[in-house]
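Welcome! Open your viewer, and let us walk through this structure one selection at a time.

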Amino acid sequence: MSGDGEGDPAAFVALHGAALRASGVPARYWESLSRKLRGEVFDAGDYFGIMQVEEVDDEEEGDEEMEEQLKKKPNPGNGPCFKVIVTNENGLQASNPNSVFLIDHAWTYRVEHARQQLLHVPGLLHRMANLMGIDFHGEIPDEGSIEQVLQEMWKYNQTYQLSQGTAEEKVPVWYIMDEFGSRIQHSDQPSFATAPLFYMPQQIAYTVLWPLRDLETGDEVTRDYAHGETDRLIRKCVLLPWVPEEVLDVSCFTPEPSDEYYQAILAENKEKLPVVINPPVYAKDKVFKVFTDIQQVLNNLTHPRFVFTDDEGQADILYNFSHFKDYRKLSEERPEVLVNQFPCENLLTVKDCLASVARRAGGPDGPRWLPRTFNLQTELPQFISYFQQRDRRGEDNHWICKPWNLARSLDTHITNSLNSIIRQRESSPKVVCKYIEEPVLFHREDVGMVKFDIRYVVLLRSIKPLRLYSYDVFWLRFSNRAFSLDDLDDYEKHFTVMNYAPGVTLKQVHCEDFIPLFEKQYPEYPWTTVQADIFKAFAELFQVASAKPAPLGICDYPSSRAIYAIDLMLKWDTSRDGKRIMQPQILEVNFNPDCDRACKYHPTFFNDVFSTLFLDEPDSCHVTCIV
């Protein structure tokens, strides 16, 4: 897009109106905003000034209000404190259509690139250290200063997300406003509001600043750092990075959410539950017509009792890549048609729901096979209380923040910074899971002891009765660097998903080769025993996920079948009788997984899947019955 109609207000509104409305920027400012964006007019200096506030000595019985303000400064204990005041002699009128200002961004980045940018972008570390009140006078970036900036930046960060583009392009962007914007302090009764705006013609983001009331000369410019939060406890939690407090009096117990929570998810997903039907019965020699849009199925399903059709209306089996929504219509009009999905299976495949339903299997901390997990949208106080209690007891406090429903480790971050986790909540819905600090490692001759995870493909034949199988081949993924609990942003040390990262080594070991190597490294832990524990965890997960009627559990629809990929790790744990054990940790359950490797090395993969799920002939297939 080359322009917004060269000053045509209607064109500006067509491009940016939806974003401005969503951010609450009053329409009276839009024309002036359009003009300032087009001309890159940064005129805040004509109206505002930055004032340095002197530190108050603890010994002095000073002005209590000043002390209160100092507690709320964005960089406690880090040198001078600043505030922004109105300097224009006429003050500022909220009704004036020109009372809207642009704030430039000093640094825009994605979290995983922050360290490298501080190291390599000339002048960036210097500017950030100055802005955050960190001592840095050298020419060459040093690790200590970079570490400080990476810690402090969560008091200055703001975020936005692009609504279009690839999954990678939709990963949240973080930015730090320039020195003027970063000096604007917090207030529960703010005098101004701010919002990021992505200006299409220049493909640049700015922050828009506008007054919420009339101001006089000398009045302070403030904004609400917890904008939009009305609950007092949640506000207190959200403001912790600037106003440190203990939340130990909040119980860290996270009961399973209410029935209404699951009803709301069903409504949000626009899924219509099926009517009750009788299980379809087919002739023993029936040839099934399969309608699918999955290329791996089209290329690899060769079993003589399945033929492909391009006519969805003629199909006996719908094997779709995307989520099916209207089960009611299907169950009423074509109950005999089989589908490769279950209604409400998102209770397994979306990370916050997985944690909720898994709680049915465990005590206050959830089952032993799932890392302790909190939903940052709904369980922030409980998480902070749990974090602070662990901190007091001197226990490990490394956590991994994951979006609810992105795959491939996108926007996933490991940290031991409470501020970072609290602020991550602002970018996109996330869960935070206890990071496995003592994983079972695998010795790679070229590297040393590395993390690895295991992917099993499970086949769900029915809910009532529960019939679950595992494909006999499992897949392994390895980190590329020796594991240690540091360098938390080193992807190749802490993550195992290497097949999407360009120019990164992908270590492959077939499961048949892996088992003897594993047993050689851990002779006291035969793989059959480890796998039995893994299957026990899978069985428990599916039992609790189907224990309640839909939408509180996976729906018992007799025409549904499905395959899922379950990713897991092993961690060192202690059994109730004090023995050191390998405890499976389920990381996630994936809908419609990529079966490229499965088909490449095991050409009968989809024949086995279809025979087990649709013909009820598991005995001749490479599958093991779990339940």
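In which kind of crossing does H5 pass H6? H5 passes H6 in a left-handed crossing, meaning that the near helix is turned anticlockwise from the far one by less than a right angle. Before you select them, note that this is a predicted model, where local features need pLDDT of at least 70, side-chain atom pairs count only at pLDDT 80 or more, and totals for chains, interfaces and linings use all residues. Residues are numbered from 1 along each chain as its sequence is written, and side-chain values use heavy atoms, leaving out hydrogens and water.

**First stop: H5 and H6.** Select residues 124–132 for helix H5 and 143–152 for helix H6; helices here are DSSP runs (H or I, at least four residues) numbered from the N terminus. The two pack at an angle of about 55 degrees, with axes 10 Å apart. That makes H5 oblique to H6 (neither under 35, over 145, nor 65 to 115 degrees). Now show side chains: Leu125, Met128, Ala129 and Met132 in H5 meet Ser145, Ile146, Val149 and Glu152 in H6, with contact meaning heavy atoms within 4.5 Å.

**Next stop: H20.** Select residues 605–614, where 10 of 10 residues are buried (under 20% relative accessible area, 1.4 Å probe, protein chains only). Among them are Phe605, Asn607, Asp608 and Phe614. Just after H20, click on Asp616, whose phi is positive, near 55 degrees.

**Last stop: the core.** Keep Phe605 selected and add Tyr319, Phe538 and Leu570: these have the most contacts inside the largest nonpolar core, which has 94 residues. Such a core joins buried Ala, Val, Leu, Ile, Met, Phe, Trp, Tyr and Cys residues through side-chain atoms within 4.5 Å.

Definitions and conventions: Axes are lines fitted to C-alpha atoms, for helices over the stretch in contact, and angles run from 0 to 180 degrees between N-to-C directions. Buried means under 20% relative accessible area, exposed over 50%, partly exposed in between (1.4 Å probe, protein chains only).
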